[in-house]
Amino acid sequence: MNKKWMLGLVLALTLTVLAACGSNNNTENSEEGSSNEKETLLIGTEATYPPFSYRDDNNEITGYDVEVAREVADRIGMKAEFKAIEWKGLLSSLETERIDMVANQVTITDDRKEQFDFTEPYTYSGGQVIVNENNDDIKGIEDLEGKTVGTTQGSNYAQAAEEAGAETKIYKGANQVLTDLSNERNIEAAMNDRLFILTELPEQDYKVKGVGETFNKTEMAFALPKGNEDLVNKINDALKEMKEDGTLADLSKEYFDGENVSE
């Protein structure tokens, strides 16, 4: 009887120790998982939008927005993890909190500010006038009065051209506008986004150039789900540091042929 009682006691003690060990392991794994989640910043980006977000020759996601976000994450003590998502799904993924942040040239608008939190801008752009490479008379939007400007159907630039005193000629697409402008036919100027002019026009065979200061300026920033004030503040502090120490300007110049688009 004593032997059976002793055997039962040993068995009970053994099960208790094993249960305690299992409980400790589960606690450690749970804490570790929680720590990893807090340390990782899951960032949505297109990865098909050079030079802002694209895949390099090694199929790694890179680009101006990506490298700015990577540097920001490092400075706030988090690991940046990027997830490629089509543009049409980026903001909805953010809204449902399947990602922590979007880094993809998201323009700050009043409507979007009602849905998301935004950091301070890290890119500034806006419209710019385009003329034939031989045209030295038009130096900016202030010289468009009485001129004919080519725009596409539904473009915001049509209104800007008319407000500048120009007549507009509507085209189906930007390629047709630039073709006529390149051939000095029908129009004397066009308009497009400054960053498009910086990055895309040099890759094309059009005989045109961008002139003058930008107008209708736009600001692009990182977007986060609503209610992330602490994280937004940390990112803003990092962006401020990057502006002050020149890191943001250096990244901009690397991707925009020496141009600083961060101010």
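Before the close-ups, one term: residues pack against each other here when they are in contact, meaning heavy atoms within 4.5 Å.

**Figure 1. The whole chain, as a predicted model.** Here's the big picture before zooming in: nine helices and twelve strands. Of the 263 residues in the chain, 43% count as buried. Take the contacts between residues at least 6 apart in sequence, and 67% of them join residues at least 24 apart.

**Figure 2. Confidence, and the stretch over residues 1-37.** The average pLDDT for the chain is 88, with 86% of the residues scoring at least 70. Residues 1-37 are another story, with pLDDT below 50 and zero contacts in the model beyond near neighbours in sequence. Where pLDDT is low, don't read the predicted coordinates in detail.

**Figure 3. Helix α3 and what its buried side chains and backbone pack against.** Helix α3 covers residues 87-95, and its buried residues are G89, L90, L91, S93 and L94. Their packing partners include three strands' worth of names worth picking out in the view: β1 (40-45), β6 (101-107) and β12 (208-225). Also on the list are β7 (116-118) and helix α4 (110-115). Just past the helix, look for E97, which follows α3 and has a positive phi, near 60 degrees.**Figure 4. Helix α2 against helix α8.** In this view, α2 (residues 64-75) and α8 (residues 229-244) pack at an angle of about 110 degrees, and their axes are 9 Å apart. That angle makes α2 roughly perpendicular to α8. The crossing of the two is right-handed. On the α2 side, look for V68, E71, V72 and R75; these meet I235, A238, L239, E241 and M242 of α8. Sorted by class, the contact of α2 with α8 has six nonpolar residues, three charged and no polar ones.

**Figure 5. Helix α2 again, now with helix α9.** Helix α9 (residues 247-255) packs with α2 at an angle of about 155 degrees, with the axes 9 Å apart. The two helices are therefore roughly antiparallel to each other. As α2 passes α9, the crossing is right-handed. From α2, the contact uses Y64, E67, V68, E71 and R75, while α9 brings T247, L248, L251, S252 and Y255. The class split for α2 with α9 is five nonpolar, two polar and three charged residues. If the spacing of the contact residues catches your eye, remember that an α-helix has 3.6 residues a turn, so residues three or four places apart point the same way.

Key. Residues are numbered from 1 along each chain as its sequence is written. This is a predicted model: local features need pLDDT of at least 70, side-chain atom pairs count only at pLDDT 80 or more; totals for chains, interfaces and linings use all residues. Side-chain values use heavy atoms; hydrogens and water are left out. Axes are lines fitted to C-alpha atoms, for helices over the stretch in contact, and angles run from 0 to 180 degrees between N-to-C directions. Angles under 35 degrees count as roughly parallel, over 145 as roughly antiparallel, 65 to 115 as roughly perpendicular and the rest as oblique. A crossing is left-handed if the near helix is turned anticlockwise from the far one by less than a right angle, and right-handed if clockwise. Ala, Val, Leu, Ile, Met, Phe, Trp, Tyr, Cys and Pro count as nonpolar, Asp, Glu, Lys and Arg as charged, and the others, Gly among them, as polar. Buried means under 20% relative accessible area, exposed over 50%, partly exposed in between (1.4 Å probe, protein chains only). pLDDT is the predictor's confidence in each residue, from 0 to 100.
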